[in-house]
Amino acid sequence: MTNFRHLLLIGALALPLPMLTGCGDQAEKSEALSHIARSDTYVEQGQYRPALLEIKNAIQKEPNNVNHLVQLASLYLELGAAREASDLLEPWLEDQTQAVALTLAQAYLARGKHLSAVETLDRIEPESEAAELEHELVRAEALRQSGKPRQALAGFQAVHERSSDNREALIGILRSRIDLGDANQAVATADNALDPQNPDPELLFLKGLALYKQGQVESAIEVLTEATGALPSVDVFLPVRRDLLTLLSQALTQQGRITEAQLYNRILAENTDTDARERAKAAVSAIQSGNLEEARVTLQDMLQLDPENEQAALMLGALNLQLGDLSEGAGLLAENLDPETSPTPFIRAATLAQVEQGQRKDALDNLSRAIEARPNDPDLLAMHGVLALSLPGRADEGVASISKALGLNPQMTRLNLALARHHLSQGQPQQALGQLRMAFANNPADWPTTSSYVGELLRQDELGEAREIRDSLLNGYPDSPQAILMASLVDAGLENNERALARLKELTTKQANYQPGLIALANLQTKLERTEAAAETMIKAAKLTPQNLEPLRQAGRLYAMTHSMEEVAEWLKSQTGDDPELSNSGAALIAMVQVRQGELDAAANTLAGIDADTASEPVKHAKARLLVAQAEGLIGDKNWADAQANATQAIALQPAHLGFALLPARLYQLEGKQQEAMAQLDEVEERFGTRPEIVVSRASLLQQMDRADEAYRYLEEQWQASEDQRMLPALISLAETQDPDRVDELTQTWAGQAPGNLQAQMKRANYLMQQGNDAAAARHYQEVLDRQPNNILALNNLAWLLRESSPARALELAQRASELAPDNPAVLDTYGWVLHLQGKHQEAMAAIEKALAAAPQSEEIADHLEQVKQAL
């Protein structure tokens, strides 16, 4: 690097100087050049500290002379301060591109930011042969860092052929050969280049590294020891010295020469920020032992002492996320994350935070940059692929990334499961099965994926293959409870119910604490209409995880199939009474049922005996639900103060529950205190991030404030930023009045992205029906009925659409709708009109008269009745 720095200086001095405007300016320039000359002298003497000071003095004299800045950045690079070098030059890139780009690109390479290096280099053209060689070196090193050592080697060799004494090219050749595993050739190349009279310590280090990788540890120690003697005498701890001593210590330790290794370790420790290192160790230790608050305090102290400590900031950001502080954690990660260089766990944490905040596009952009920098990192590819699959229009990228990740690591079988689910959502069951087959071949013991495989085989009637999988599991994993469970599910799917029942009973007898087995047994008992036994089995499952209400809820539902709610409550008390934690969960479950039924006093009595301070999470949730329900009652009485007090208590019990957090804003909105509601939404967004629920609430509030146009623009911007489907219902409703031309696109997008979402299909069908596109509307209504046969609106509207083209089908649909909603005037009108069209005028008149009685103001129904009467 020293030779290159002098080339930069010579180049800087050779640039034409701006016109002198006065003697003062000339004096300043002359003094600055004196500082630069002294800096060069100090560097030649190995005195880097005064050299830095002299360059900084020159910059003080000529703060706008970019050549001085480039020289300082070059010196920073020699000292291993790449971050300082890039920070120094980045502000000058736009205005002084030609002057700073090459050195800035080198700084990026030193930080491992090979993408940024190439992008920066592409902004300029080399103006000399020397500059051209430097450009080629940057590109070759970028290839090496990107995981392409063979192409990098070719690039370095091309420079070496043109300039045989180019030291950087030689170093690049050695590093590339080591990366390729060609250590023998690396050693030979180093031997040919080394001057016995004046050995280069960096070449010796790379030779020692090659020998070490060959397993020739003793020879490596000899070469590395020689290199320590060749190190120049300087006043700073150069990077090559650190690398050399680190490897030498490692090699000595491997040889059992601990005393010698400790000597070098002490030197390394003396030249390391020991305090920062110890604080980092303490933070990691606290995290590993579960003392997260202690770790947070330690990391905060580190950042106070060193605000530029990127690693500490990333650790603190991830830790804040784990502690539930989404806003603070996401902010720290966003400010300090570098997709090119940050470790994968931090990128994962940042991605989760961005997704949680509704910033899925930003998260995907970061991941795209990360995999561009590290194209063979399977974890990054997996994250990118899974996220891309969830975004409209990005599925192809997702499939490509996941496929590549699986190519790199076929054992990541959860990715096969992700692809299978994608294919199923696209109506491609055979492709889904193909992915699940590959997953099973690579890792049968990935039980969630194998469970999906078994389930899909049964759904697609691939019964022969299902039997083969069952036998394979029983033979390959005879003692595995998961395998026995899968085999039992296959038997149940094949209607070998008694065999499945016997196997599950045996399994849960031997493995009494295996909850999935108990749940499967309860489900099978339910299928066989043995509900009492199923309820008792589900209680056993509930006792294993008393904090999880779902098994207990299932037990209650099963018992309720043959008993009243009062009997269910008594039964749950009797079943959970001997287990305080489960008893509390049972009380929470009963209370939530009572809340849903509007029995708020009964719910309060159910929860009254449980201390809120020591209550389990289910109890806290039930108490919060009760408080919210009571607040809803207070709204009717316009008792806003007490309603807000209830909301505050609910939030205190469940601070991470977004729905409860939004309640105060909703109460203010209902009270007409719109500014207070907006301020409350700001507070919630600061805590939870830009979540779809908050966006929709804000749009609703703007609409109430007679700012519907602003609400639409805001919601549209948020939709474009995240494309989160949860925003679409509100966006479509606003578009219907603010931008009717967009409704077609939005409803089509929603229905296409969420084919299984009945609300999306209904919205699209209704729009198409309004536009007179009856055939397309009918298809969507039919999709709804395929999944929800008793959807009254779909039955009614499809009957109306088919009234002339398919009268028999229309009559069937209209009759079903009228039976489900016998007092609905629109349904009765449709039913009557379909009867009329088929000549059944008397029945039609009775239906339409009933419709008109329910909606006497409807001119359309009155007109239909008049036409029917005329037909009689």
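Over residues 1–23 the pLDDT (the predictor's confidence in each residue, from 0 to 100) stays under 50, and for this segment the model has 30 contacts beyond four places in sequence, a contact meaning heavy atoms within 4.5 Å. Where pLDDT is low, the predicted coordinates should not be read in detail. The chain as a whole averages a pLDDT of 89, and 95% of the residues score at least 70. This is a predicted model, in which local features need pLDDT of at least 70 and side-chain atom pairs count only at pLDDT 80 or more, while totals for chains, interfaces and linings use all residues. Residues are numbered from 1 along each chain as its sequence is written, and side-chain values use heavy atoms, with hydrogens and water left out.

The chain contains 50 helices and zero strands; both are DSSP runs numbered from the N terminus, helices being H or I over at least four residues and strands E over at least two. The radius of gyration of the chain is 36 Å, well over the 29 Å that the globule rule gives for 872 residues, so the chain is more spread out than a compact globule. That radius is taken over C-alpha atoms, and the rule is 2.2 Å times the number of residues to the power 0.38. Taken along the principal axes, the C-alpha atoms fill a box of roughly 115 × 75 × 55 Å. Of the 872 residues, 48% count as buried, where buried means under 20% relative accessible area, exposed over 50%, and partly exposed in between (1.4 Å probe, protein chains only). Among contacts with a separation of 6 or more, 51% are between residues 24 or more positions apart.

Ser585, in helix 34 (residues 580–596), counts as buried at 1% relative accessibility. Leaving aside neighbours within four places in sequence, Ser585 is in contact with Pro546, Gln547, Leu549, Leu552, Ser616 and Pro618. The C-alpha atoms of Ser585 and Asp611, 26 residues apart along the chain, are separated by 13 Å.

Two loop residues deserve a look at their backbone. Glu529, in the loop between helix 30 (515–527) and helix 31 (531–544), has a positive phi of about 60° although it is not a glycine, and Glu529 is exposed, with a relative accessible area of 70%. Lys638, in the loop between helix 36 (617–636) and helix 37 (640–653), likewise has a positive phi, of about 55°, without being a glycine; at 59% relative accessibility, Lys638 is exposed.

Further along the chain, helix 47 (residues 807–820) has 14 residues and reaches 20 Å from its first C-alpha to its last, close to the 20 Å expected at 1.5 Å a residue, the expected span being 1.5 Å times one less than the number of residues. Its buried residues are Ala810, Leu811, Leu813, Ala814, Ala817 and Ser818. Because they cover an arc of only 165° around the axis, they lie on the same side of helix 47, the arc being that of the directions from the helix axis to the C-beta atoms. On the other side of helix 47, Ala808 and Glu819 are exposed. The cover over the buried residues of helix 47 includes helix 45 (774–787), helix 46 (792–801) and helix 48 (825–837).

Helix 48 appears again in the cover of helix 49, where helix 48 and helix 50 (859–871) are among the elements over the buried residues. Those buried residues of helix 49 are Ala844, Met845, Ala847, Ile848 and Ala851.
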